[in-house]
Structures are given as structure tokens and as C-alpha cells.
Amino acid sequence: MPNKLITLASHSSLQIVHGAKMEGLSTSLVVERRRLNFYKRYSNLVDEFYIVNEFKEGSKLLNSLGDEYILIPHGSLIEYLGVGEVMNLRIKIFGNRKLIEIESNQYDKMNFLKNAGIMIPQIFNNYTKIDKTVIVKLSGAKGGKGYFIAKNEEEVRKGLKKAIDLGLIKNTKEAIVQEYVFGVPMYFHYFYSPYYDRVELTGIDIRYETNVDGLKRIPDALDKPLPSFVVVGNIPVIARESLLPKIIEMGESLNKEAIRRTGKPITGPYCIETIIKDDGQIVAFEFSGRIVAGTNLYINGSPYTWLEWGEQMSVGRRIAKEIKLLGNDLVHYLD
Ligand code: AMP
């Protein structure tokens with residue numbers, strides 16, 4: 001029976017091993033040599049370190065491990081190994097592998113949300129039709145790097161030319177132009193439990209992005225720079241209680257769409273990234289089919305997991321708990 005959790009030492013790995021240890025599971029980290037000293041500080045949470053020079057070597061290592069290992073995917077796994085490699089890994093993951101592929105294609109990702117009945121921003125494939133403020137997103141950009149705001153076709157083309165000149169993208173097809181939704185961001189963390197057959201809300205965060213979140217510090221009288229969206233941290237938030245039924249419903253709809261599209265539930269953690277408008281509409285511009293780094297805020301548990309469990313339940317611990325609860329049925333949910 002698989003019972004050893006392994007992940008790359010990055011992103012949310014400390015939370016994952018901490019949670020696994022709380023549930024008495026065995027833990028392993030694949031760590032880059034240059035970061036070993038840092039991760040060694042948490043040796044109390046890690047049974048085995050697998051040292052590599054670079055994460056790129058990780059696939060070979062992960063594929064050489066026995067069937068007792070379960071890989072917990074996170075954002076850095078996908079960033080460092082690449083989607084193709086992750087799709088082909090022999091080791092079983094806790095989650096739905098197909099979602100990793102869907103998520104990696106900006107257009108497929110937005111269609112997936114739309115098919116789930118979730119509101120999404122308008123997408124402009126034809127730049128001549130741009131009649132409102134848009135955000136231009138570059139595919140493969142790490143943490144929002146190079147994204148920019150534009151008001152018309154000319155500004156979009158100018159910005160894209162610059163992005164190509166800087167080598168951020170190769171051609172305009174690698175960018176998606178979306179309506180810029182005015183409101184406030186909220187990123188909902190969900191967990192689908194096959195054991196209880198239910199979607200749980202485990203937390204909510206806001207990404208702390210430079211410089212868009214710093215613009216309010218600049219007086220209006222000064223010339224403000226254009227916003228950029230580089231993620232550097234996360235801030236906790238709770239939603240008005242009256243919003244919660246809608247938020248849960250969105251999580252359930254996404255899971256239903258996963259079953260329709262891939263034949264399987266999401267299994268474990270996922271996230272829908274949204275902007276809430278002042279008329280109460282919740283518009284999603286992204287989803288993540290695996291644990292998000294915003295859950296690191298709640299290693300002690302969140303207000304929502306506290307309501308559900310009455311004990312300190314992080315998403316990392318929730319993963320381990322589910323693995324234990326599923327027991328012999330776990331094999332049906334590993335991917
Ligand atoms: P993403 O890489 O899609 O997660 O976007 C990075 C950041 O850009 C988000 O955290 C938001 O602050 C902002 N953003 C992305 N899409 C939109 C949108 N359609 N409207 C407003 N802000 C957006």
C-alpha cells in the first residue's frame with residue numbers, strides 16, 4: 001500500500017511534510033543541493049532527503065522509486081519539470097493529472113471554467129474588437145512576470161512586440177488578451193474528498209503582487225507607473241458569510257466538470273482564482289488543479305477548516321488524512 005509522501009522541496013513542501021508527519025505518514029523531499037542547508041532545518045519533518053543538483057534531474061529519480069511512494073504535485077513541480085515530463089512520470093500522484101495539462105493551456109483553462117458554468121472575463125482573439133481595458137498575459141510566465149494592461153489594439157501590439165523582443169514569448173499566440181475585471185481578488189482553496197464525496201472550502205487568500213498592490217501607496221498627484229503583477233507573497237482573507245454558498249457551489253461545479261471532461265474527480269486540493277466585482281459577480285480568471293502556495297498561510301488551520309474539523313487542519317495535513325481515510329481504496333484515486 002503506498003504510504004510514503006514525496007514532493008519537491010519548494011512551493012508548499014514544508015506544509016505538505018508537516019501535515020504528513022501530523023498524520024504519522026513517512027515523508028521524503030527531493031532537494032536541490034544549493035537549498036539543502038535551508039531544508040535541513042526542518043529535518044524533524046523529513047524522513048529522507050533525495051539530493052539533486054537541479055530539479056530537472058527529478059523525473060529520473062522519481063521514476064526510479066518503488067510503488068510505496070506517492071508524489072504530491074505543486075506549482076514548482078510543474079514549473080521545473082515541465083508539463084510534458086509531469087504527464088509522463090511513472091510515479092503515482094495524488095490528484096488528477098489531466099488537469100495539470102488543461103491548466104497549462106491558457107485557452108483550454110478558460111474553456112474548462114466556462115464549461116463548468118463559472119463566469120470568466122471576455123477574451124479578445126481579435127484585437128480590433130478591444131473596446132475596454134484588457135490584461136495581456138504571457139503563457140509560461142512565472143508568477144505573472146511580463147503581464148501588462150492595455151486599453152486598445154495599438155497598446156496591445158506595442159506591448160507584445162516588447163515582450164517578444166525581451167524573449168518573454170516567441171510569438172503573439174503565446175499571449176492571451178482578457179478583459180481586465182475591476183474588483184478585488186479572492187483565491188478560493190478547495191479540497192475534494194473522495195472518502196466523504198464532498199468539496200470542502202479550506203481557505204481563501206489574496207496574492208500580494210508587485211507593483212499593483214503598491215500603487216495605492218503613491219499619491220494620485222504623482223505620475224503612477226503602470227501596474228505589473230509579479231507575485232511575491234500571500235495575504236489571508238475571509239469572505240462575507242453570505243458569499244460562501246456561491247463559493248462552495250463554484251468549487252463543486254469545477255469538480256463536476258473535471259469528472260465530465262476527464263472521467264475522474266479532482267481528488268485533493270485545487271483553487272479557483274477570482275475577482276469579485278462590486279455588483280457581487282464572481283469572475284474567475286484561473287484555476288489550479290493542485291495545492292496552491294496561498295494555503296501556506298494556514299499551516300495552523302484556517303477559519304474554514306476549523307469549522308469543519310475542530311482541530312488544526314492544514315491542506316498538507318488534509319492530504320495525509322484523506323490518504324489514511326481511503327485506506328485500500330486509495331489506489332483508485334491515485335493518478
Ligand atoms: P494569473 O497569472 O492569471 O494568476 O494572473 C496574475 C495576476 O493578474 C492575478 O493575481 C490578478 O491580480 C491579475 N489578473 C489576472 N487576470 C485578471 C483579470 N482578467 N482581471 C483583473 N486582474 C487579473
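In this predicted model, the hairpin of S8 and S9 has four residues between its strands, and one of its residues, aspartate 197, takes a positive phi near 45°. The two strands of this hairpin, S8 and S9 (residues 198–211), run antiparallel and are joined by seven bridges. One pairing along the way links phenylalanine 191 to glutamate 200, its bridge partner in S9.

S8 also has a partner in S11 (residues 268–276), and here the pairing is antiparallel over nine bridges. Methionine 186, for instance, finds its bridge partner in threonine 274 of S11. As for how S8 itself sits, the strand covers residues 184–193, and eight of its 10 residues are buried, so the rest of the structure largely encloses it. A general point helps when looking at strands like these: in a regular strand, side chains alternate between the two faces of the sheet.

Turning to the helices, H6 (residues 97–104) packs against H7 (residues 106–115) at an angle of about 115°, and their axes lie 5 Å apart. At that angle, H6 counts as roughly perpendicular to H7. On the H6 side, the contact is made by Leu99, Ile102, Glu103 and Ser104, while H7 brings in Gln106, Asp108, Lys109 and Phe112. It's a mixed bunch: the residues of this contact split into three nonpolar, two polar and three charged.

Further along the chain comes H11, a helix of 12 residues (315–326). From its first C-alpha to its last, H11 reaches 16 Å, close to the 16 Å expected at 1.5 Å a residue. Like S8, this helix is largely enclosed by the rest of the structure, because 10 of its 12 residues are buried. The buried set includes Val315, Ile319, Ile323 and Leu326, and also Arg317, Arg318, Lys321 and Glu322. Gly316 and Ala320 are buried as well.

Last up is serine 59, which is found in helix H3 (residues 58–63). With a relative accessible area of 7%, serine 59 falls under the 20% cut-off and so counts as buried. Leaving aside residues up to four places away in sequence, serine 59 touches Leu81, Glu85 and Leu89. Lysine 321, one of the buried residues of H11, is another matter: serine 59 and lysine 321 are 262 residues apart in sequence, and their C-alpha atoms are 26 Å apart in space.

Note on methods:
Residues numbered from 1 in each chain as written. Predicted model: local features only at pLDDT ≥ 70, side-chain atom pairs only at ≥ 80, totals over all residues. Heavy atoms only, no water. Buried < 20%, exposed > 50% of the residue type's maximum accessible area, 1.4 Å probe, protein only. Pairing = 2+ DSSP bridges. Axes fitted to C-alpha atoms, helices over the stretch in contact; angles between N-to-C directions. Parallel < 35°, antiparallel > 145°, perpendicular 65-115°, else oblique. Contact = heavy atoms within 4.5 Å. Nonpolar A, V, L, I, M, F, W, Y, C, P; charged D, E, K, R; others polar. Expected span 1.5 Å × (residues − 1).
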